[in-house]
Amino acid sequence: MALTSLTSPTFSPSFHPLFKYLPPKPQFLQFKPLPSLSFLRPNHGIPTAVGPDGKFYPTPADDDPPEAPEDSGHGVSKFQQIHRQASRARKLQEEQFKKDQSIFLSAIADETDAPDNPDSISADDSGDDLFGEIDKAIALKRKEFVKQGLLKPNPKKAKDKLEDNLEGIEELEPEEVVDLDEIKELQGLTVISEDDLEKEDSANFDSEVNNMGKNNASSFDLDFDSFGKSKARIVEPKFRMTLAELLDESKVVPVSVYGNLEVEITGIQHDSRLVSSGDLYVCCVGMKIDGHLYLTEADKRGAVAVVASKEIDIEETLGCKALVIVEDTNSVLPALAASFYQNPSKNMSVIGLAGTNGKTTTAYLIKGLYEAMGLRTGMLSSVAYYVHGDNQLELPKTTPDVVMVQKIMAKMVHNGTESVVMEASSHGLALGGCSEVDFDIAVFTNLIRDNMGSHGVVYDDRDVKAKLFSRMVEPERHRKIVNIDDPNAPFFISQGHPDVPVVTFAMENKNADVHPLKYELSLFETQVLVNTPRGILEISSGLLGRHNIYNILAAVAVGIAVGAQLEDIVRGIEEVDAVPGRCELIDEEQAYGVIVDYAQTPDALSRLLDSVRELGAKRIITVVGCVGEGDRGKRPMMTKIATDKSDVVILTSDNPKKEDPLDILDDMLVGVGWTMQDYLKYGENDYYPPLPNGHRLFLHDIRRVAVRAAVAMGEEGDVVVVAGKGHETYQIEGDKTEFFDDREECREALQYVDELHQAGIDTSEFPWRLPESH
């Protein structure tokens, strides 16, 4: 939607920060009005050469011989013009190559060199297709770079090196063979090769690459027209420093040190399963696991140094060359990780999101806003990790720890990211995962009390989230964004320095800096008219539901806080059509709505169903389950909320793990006063009576069946809600983890609904009923 041009009240200067990475606003030039140009218009009236006697007297110029055609080439032939254009194009290509030479060289650094005789490459080696020819061309180009000194010759393959190194080695003893097999299993056979030579020559090599001349650039013949049009190649940065340098940079004061502190560190880990050769292993102590017990495994995987809080004899290890004893390994890990990866958050503008609900969607909206401002923006959320733009990283199976956060941010900085949006979860804040992240903006969405938590747990959670706001201490740089509809808003505003500017947003409180003047909700679009201190915005979003208006307002407030152009705010927010698994609409052109959402708590489910009801649904059909080995107390509450706010509910399983799915469903049935025996008794008569409120309840322990049954029940004007998994793509049953995606199940089910109805199958009840003829 277009931006509504209305009056813009004067905005306080305190809300116009000069952020460290925000580009300056363009200065528009003012031109004076041009005078009338009527005197330049041709006069098509009577010729001026007509004399007083009415006769025409031509001017002397009319008698002159005709002039030669104008020389548009200015004495340069067409061939010369083409030659000059080609030269200019070549010069631009050379300049572009010099600018991006590191990218080109790194792209083919690991390719295999071509043989001395190019004709010796057989069809079997290169492949009898286009890709084989491309590989051959790349190998030849790499060989050319090697001759120019831009790349080093490709080292021997590991297999050849192994054969060379094994020559002359005596046969191992049986017990040595066992040790070697164990090391191979954990680490793989690692042969140290040419690293020392590469280290010695790296300075000279980098100098040669950086000082590459024009002759080298002109020999690089690539199609620059297509450069930059494809997705950017994400380069993995490499870090090296000695243990002494790391201790000095991190300002960690050890209790004692043993061994060689000049050992070179190439990585840092506190999980022994992730250790690789050259890593520093930090023995952290958790609630259930003590990292000191896994030193042997870390050692066999290649750890070269250890940080511990207990005395350890490193002489018994295979490769550890240094030991650092500290008082608390957990407290020093964030500083060590940040220092090793060169404090990447200090080189970006970092926006942190704290709250119970809405963090993920708000993160997507802020990312879209910053990219509309022209900034390369990354994201760390529970749904996806982005380096910047569409360059997505593989999502880890666990919540990112302090080492992973610093490593990902270092990758962002290395690849040109200028800002990053990060969900600051209570888990991460409480365990120090965000302690070395330099936040610039803190956003508070809301704080919802877990229905099964005690009063004290809520205040603990609030205090944990407040750690993010307590870092807002520099009025020139920091900003607080707060939802003042939440009763905890004053507490979060009071954190940090009192002079740090605050931008508030709300739906109900019209005193907020950012609030809606009007909004309209539908199953396919959300329209909202937003009042801000700098003008009124008209936003049309594909994000559905009233709760998403809060997320939109939070993103607008961030844009106002950083002084973004109003046009950029609108464009950035409208670019986000959907967020994976967050009230995500499944559209296969059916006559009713199908929504997949992550709602896993009673409050989240209640808010979701309220939002769907507000969309004007004729009926709400809900599929919901509860995870196994979790909080049993919330299971009846989930059923109670679902049956109160939905017309039809199908209870099912959701990652039962090692718990019996039927036991989970039995717990859930308590919410309506039923037991599993009651439900099975109704099933004997093939009829499940309505609940006292007239709503219907069914159950099936196989989630795929439940989802497809619910989708098949949908009629025109209904909304089918599948809650619990959202973006997740797995189902855990026992020890097995299998692929399962609610969104794909819904899409597949929608393909067969018409066929079921054409076959006369009644899908309005569950189980389905065959036609009378059967």
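# Exercises on two open sheets and their helices

Two bridges join β19 to β20, and these strands run antiparallel. The model is predicted. The exercises start from this strand pair.

**Exercise 1. Place β19 and β20 in their sheet, and find the edge strands.**

Step 1. Take the pair itself. E584 stands opposite V596 in β20.

Step 2. Follow β20 to its other partner. β20 and β24 pair in the parallel sense over five bridges. The bridge partner of G593 in β24 is V719.

Step 3. Continue from β24. Strand β21 (residues 620-626) runs parallel to β24 (residues 719-723), and four bridges join them. Here I621 has V720 of β24 as its bridge partner.

Step 4. Write the order. The open sheet has six strands, β19-β20-β24-β21-β22-β23, with mixed pairing. Its edge strands are β19 (584-585) and β23 (696-699), and each pairs on one side only.

**Exercise 2. Is strand β20 enclosed or open to its surroundings?**

Step 1. Recall the cut-off: buried means under 20% relative accessible area.

Step 2. Count. Five of the five residues of β20 (residues 593-597) are buried, so the strand is largely enclosed by the rest of the structure.

Step 3. Sort the residues by direction. In a regular strand the side chains alternate between the two faces of the sheet. From β20, G593, I595 and D597 point one way. V594 and V596 point the other way. Both sets are buried.

**Exercise 3. Describe how helices α21 and α24 relate to this sheet.**

Step 1. Start with α21 (residues 635-645). This helix lies across β21, β22 (648-653) and β23. It runs at about 175° to β21.

Step 2. Turn to α24 (residues 703-713). Eight of its eleven residues are buried, which leaves the helix mostly covered. The buried residues are R703, A706, V707, A709, A710, V711, A712 and M713.

Step 3. Find what covers them. The buried residues of α24 pack against β21, β22, β23 and β24. They also pack against β25 (730-733) and α25 (742-758).

**Exercise 4. Give the strand order of the eight-strand sheet, and explain why β11 and β15 each have a side without a neighbour.**

Step 1. Read across the sheet. The order is β11-β10-β9-β12-β8-β13-β14-β15. The sheet is open and its pairing is mixed.

Step 2. Look at the ends. β11 (391-393) and β15 (502-505) stand at the edges, each with a single partner strand, so one side of each is left without a neighbour in the sheet.

Step 3. Add the twist. On average, neighbouring strands of this sheet are turned by 20° against each other, direction ignored.

Step 4. Check one pair. Four bridges join β8 (residues 349-354) to β13 (residues 441-444), and the two run parallel. L353 stands opposite V443 in β13.

Step 5. Add the helices. Helix α13 (residues 359-372) packs on the sheet, touching β8, β9 (377-380), β10 (385-388), β12 (419-423) and β13. Its direction makes about 155° with that of β8. Helix α14 (residues 402-414) also packs on the sheet, touching β8, β9, β10, β11 and β12. The direction of α14 makes about 165° with that of β9.

**Exercise 5. Characterise the packing of α12 against α14.**

Step 1. Get the geometry. Helix α12 (residues 329-340) and α14 pack at about 15°, with their axes 9 Å apart.

Step 2. Classify the angle. Angles under 35 degrees count as roughly parallel. α12 and α14 are therefore roughly parallel to each other.

Step 3. Assign the hand. α12 passes α14 in a right-handed crossing.

Step 4. List the contact. L333, P334, A337 and A338 in α12 meet V402, V403 and Q406 in α14. By class, this contact has six nonpolar, one polar and no charged residues.

**Exercise 6. Which phi values deserve a look in the loop between α12 and β8?**

Step 1. Set the background. Most residues other than glycine have a negative phi.

Step 2. Take Q342, which lies in this loop. Its phi is near 65°, a positive value in a residue other than glycine.

Step 3. Take N343, also in the loop between α12 and β8. Phi of N343 is near 45°, again positive in a residue other than glycine.

Step 4. Check exposure. N343 has 25% relative accessibility, so it counts as partly exposed.

Key. Residues numbered from 1 in each chain as written. Predicted model: local features only at pLDDT ≥ 70, side-chain atom pairs only at ≥ 80, totals over all residues. Heavy atoms only, no water. Pairing = 2+ DSSP bridges. Axes fitted to C-alpha atoms, helices over the stretch in contact; angles between N-to-C directions. Contact = heavy atoms within 4.5 Å. Parallel < 35°, antiparallel > 145°, perpendicular 65-115°, else oblique. Left-handed = near helix turned anticlockwise from the far one by under 90°. Nonpolar A, V, L, I, M, F, W, Y, C, P; charged D, E, K, R; others polar. Buried < 20%, exposed > 50% of the residue type's maximum accessible area, 1.4 Å probe, protein only.
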